Amino acid sequence: MTFNLGPVVLVLLFAVVPIIGIFLGLNSPGLRSRIPIWVAVFAGLIPILAMYIPKGFLSGQTGMSQRMDDWLIILAGFALLLGIVNVLQNNFKKVARRDSGWFYSVVLLIGLFVTGGAGIYGAVTKIGIGFNPDGSPTPFKYLTDWFFQPLQSTIFALLAFFMASAAFRAFRARNVEATILLVAAGLVMVGRVPILELLAVPFPSLHASAASASQAMGKLTEWIMDVPNGAAQSGIIIGAALGAASMALRVILGIERGYLGLGKGE
Amino acid sequence: MRRFLERLLGLDRRWIFLFVLLSVAIPIIVPIGLPVTTTESTRKAFDFIEALKPGDTILISFDYGPSSAPENDPMAEAVMRQCALRKIRFIVIALYPLGGLNLANNAVAKVVSEFPDLKDGTDYVNLGYKDGASAVMRRMGDDIAGAFPTDQKGTPLSQIPIMKGIASLRQVQLVFTVATGIIGEWWITQVHPQSGTPVIIGPTAVSAPKYYAFLNSGQLVGMLGGMKGAAEYEKLIRARYPEMARFYTTTHDFTATKGMDGQTVMHLIVLLFILLGNSAFLLSRRGAPR
Amino acid sequence: MKSAGCITLIGLFLAANVFAAPIDAPATPPPDLPLPQNLIAKDKPGDSGGAVVLRWTDPASLPAGAEIEVLRAEPPANEWQPLDKVPAGTGTYTDTSAKDGTAYRYGVRTSLAAADSAGAVSVAASTSAPVVSEPVSSHDNWFKIERTNSFVASILFVIIILGSIQVARSGKEIFIRRIPGLNAIDEAIGRATEVGKKVMYIPGIQSMDEIQTVASVAILGNVARSTARYGTDLDVPNKDPLTFASAREVVRSAYLAEGRPDLFREEMVNYVTYDQFAFTAAVSARMTREKPAAIFLIGYFFAESLILAETGQSTGAIQIAGQADPTQLPFFVATCDYTLIGEELYAASAYLTREPVLLGSIRGQDIAKGILILIAIIGVVLVSIHVLDLSPFLRTQ
């Protein structure tokens, strides 16, 4: 049996050390609250080291970094179970207590069980969630194609309406900055689509001028997107990346503890 | 007059919703056929794929869901058609968890039905969906078979002719990610530095402004921004391959070019509302008692 | 007898040559092909194994069309197998199919396709004998050389941050500019308390592996402490299950820390659904029905940002949004009362707690940003006057 250093170190850091810590911390709450911080330190350091050290046990196909990625997927799966239990608990309670809107909870629960059942049926019968052997869609595919996809598209389509109402409300020339925003937005909106050609449709003699004006607007729009927009986006991305690196360093060093629910000095 | 201005400023948003609905619906029923102008970012993407040789291989990643299908589907179909015309081989994967695989299957089936000479396994292959997006990408950077041991039908990669000589993303000439959300960005920030493979992105219009920074820095070789980018690409394909007109001008299917009519009218309506709102705002400020 | 045998043999020989089937004229004899020199084969440095780099010097005078053929011999058979052919002038080749620990020998030789007597079609490749390397095996290494620049930059960054934290610990006053969005948190919660309505906090739609979500959950802890203190109802709908689990613990700990565990209810932090737009629909409906007085949209959002913010705006709630990624910021700016832009989100925990250690790290981050700006200005000047292009040194791999 070959000795694989990576998994051994992972088990040591994420299983043995926390378990020892829990036992030692039974009488010491302060020590017990340190365990998640140590787990965060190890979990943060390993991918960073894997970036620079190409050794197999660390960054190889079965190395520590790769295995941690796999563990994250497994963790997320169990956390999803936790979430589903929470959905069931909350909605059953709502129905039992006849809280306002309890009927919508019934609809949600029916949807959850019918869709989940269709997926499990596909897994148990080994047909899957695509097509039956005879080419007809499975119940899960039917639900996806005729319920899920249209509903998703509908909610996404709301963006168009909300964008229009937000633009009407927000694009007011209240001050200098708002006026610059308004003018830039107007130029980009005109330059991205053939509005001038649309306006010239009833006037054939203006078609050529509208086309060249539209081309010029398009070039201006490209310049706005490339230069001012590109520069601003780069600036925000770089600043945010530095902020993220600083925050990640604070998490790894155990300085930042707010996300664990630990306050100052805890 | 003052009362009118106040009513205009406080206009019920449902009037705006109604005008938006009409501006998008009417051009779909009565197409206008407005022209499309191309932008540099789309031309760069088109020229890059045109410069590839027959037999080269690109990876097309379906990183979007049904919600953005009207924007992203035309991009994916246009690029796959271009690959079929230029005899460029393409590998299809899906990394978007909810609906990405379905959309990939539908798009591939559509293009394959248009080009009957395309052979599964030789000219293209569909590797299916894998969970864990960024981990999958990093694995593919070194070993594609490690991430996708088989294609969607269960055939091991070692038995698929198109995968011969392609062990990792380093042997692929291009990654084309059709994306909504963060997955597209991961191809640029994680995969491109790791394997050096050029990346073209087809994001939704909402995300497109961010990617100009990556385009300017050379991390992207091209971009198809939203439905406009898809319409531009369709125009470039029709110009270069006139026989493709049958898929874009005479079809009853939805195309990005058709969608641009509605988008143009909607932009005009929104601009009018903005002008009205600002006029009312400025007039009311002028008439306000000191 | 002997002479008859010789004559027979000579006769047979002549017959074989005179009466044998005619053959094509032999191919133009290959020219003398010069050999490559100084072949060195080494393990590829700074990689995770499986690669060997060959370097050689091409011969001085090579005929047109000549290529360098690379071969490899693997024990125990040690038979030469062709790997690839590279154009003359390349001088290097990387074998990426090597197995770690196996001692290979490599050979390079000049190769030229020969023309037939008609001079048109190549009939055979003619080559010279290979130049052979010493045995070499590939292995993984301790450091990725192509990432030296990012390693140096990371170390410098860590030193700057730690140094700034030390300075802060020494008691020096650290200035941090006013961030209106964070100042407004207490105002928003106070308003919700006055009108007797709840506070809704949405920590983005990404999981806890996203640093923006970690920052958002840290801010949630502060918000939860305030709602516990004032006795305001709190609602935290979640799209991601890991975020849901973390958020619940953070809110529970906050209520405990404020001495109000009686006010904490499990339903405060709830899981909705994993689908982006189903989550958006559910939360928008909740906003419309329950009309929270204050809505926090802090974390990593995508296309649903405008739907949530506009719905919140229509209910009349005070809205505070925050995201580091620039994509959705324009929508938040247009619809929310306050927006945390870019790294303001990450500065929130330092700003709200005023802990010297956290403030010190913000200062270190700003110093690093200043250095980057300086490098950018110097780089632009140098490349504009055609002295030096810094971009190859700054490229990460």
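The following dialogue discusses how to read a predicted model of a complex, with chain A as its main subject.

Biologist: Which conventions apply to the numbering and to the confidence limits?

Modeller: Residues are numbered from 1 along each chain as its sequence is written, while chains are lettered from A and ligands numbered from 1 in the order in which they are written. Because this is a predicted model, local features need pLDDT of at least 70 and side-chain atom pairs count only at pLDDT 80 or more, whereas totals for chains, interfaces and linings use all residues.

Biologist: What ipTM and pTM does the predictor give the complex?

Modeller: The complex receives an ipTM of 0.88 and a pTM of 0.84. For single residues one reads pLDDT, the predictor's confidence in each residue, from 0 to 100. Chain C averages a pLDDT of 86, and 88% of its residues score at least 70. Among the elements of chain C, strand β9 (residues 199-202) has the highest mean pLDDT, 98, and helix α1 (residues 2-19) the lowest, 50. Over residues 13-29 of chain C the pLDDT is below 50, and this stretch has eight contacts in the model beyond near neighbours in sequence.

Biologist: How many helices and strands are there in chain A?

Modeller: Helices (H or I, at least four residues) and strands (E, at least two) are DSSP runs, numbered from the N terminus. Chain A has nine helices and zero strands. The radius of gyration, taken over C-alpha atoms, is compared with a globule rule of 2.2 Å times the number of residues to the power 0.38. For chain A the radius is 28 Å, well over the 18 Å that the rule gives for 266 residues, so the chain is more spread out than a compact globule. Its C-alpha atoms fill a box of roughly 85 × 50 × 50 Å along the principal axes.

Biologist: Into which domains is chain A divided?

Modeller: Domain bounds come from an automatic or database domain assignment. That assignment gives domain 1 (1-80), domain 2 (100-169) and domain 3 (171-243). The centres of domain 1 and domain 2 of chain A, taken over C-alpha atoms, are separated by 37 Å.

Biologist: What span does helix α5 of chain A reach?

Modeller: The expected span is 1.5 Å times one less than the number of residues in the helix. Helix α5 (residues 102-124) of chain A has 23 residues and reaches 32 Å from its first C-alpha to its last, close to the expected 33 Å. After α5(A) comes A:K126, whose phi is positive, near 65 degrees.

Biologist: Does A:S234 count as buried, exposed or partly exposed, and why?

Modeller: A residue is buried if 20 or more other C-beta atoms, placed from the backbone, lie within 10 Å of its own, exposed if 12 or fewer, and partly exposed in between. A:S234, in helix α9 (residues 207-252) of chain A, counts as partly exposed because it has 18 C-beta neighbours inside 10 Å. Over chain A, 25% of the 266 residues count as buried.

Biologist: How many residues of chain B and chain C are in contact with chain A?

Modeller: Two residues are in contact if their C-beta atoms, placed from the backbone, lie within 7 Å. The contact between chain C and chain A takes 65 residues from chain C and 52 residues from chain A. Helix α5 (residues 241-257) of chain C gives the most to the chain C side, with ten residues. For chain B, 43 residues are in contact with 36 residues of chain A. On the chain B side, α12(B) gives the most, with 15 residues.
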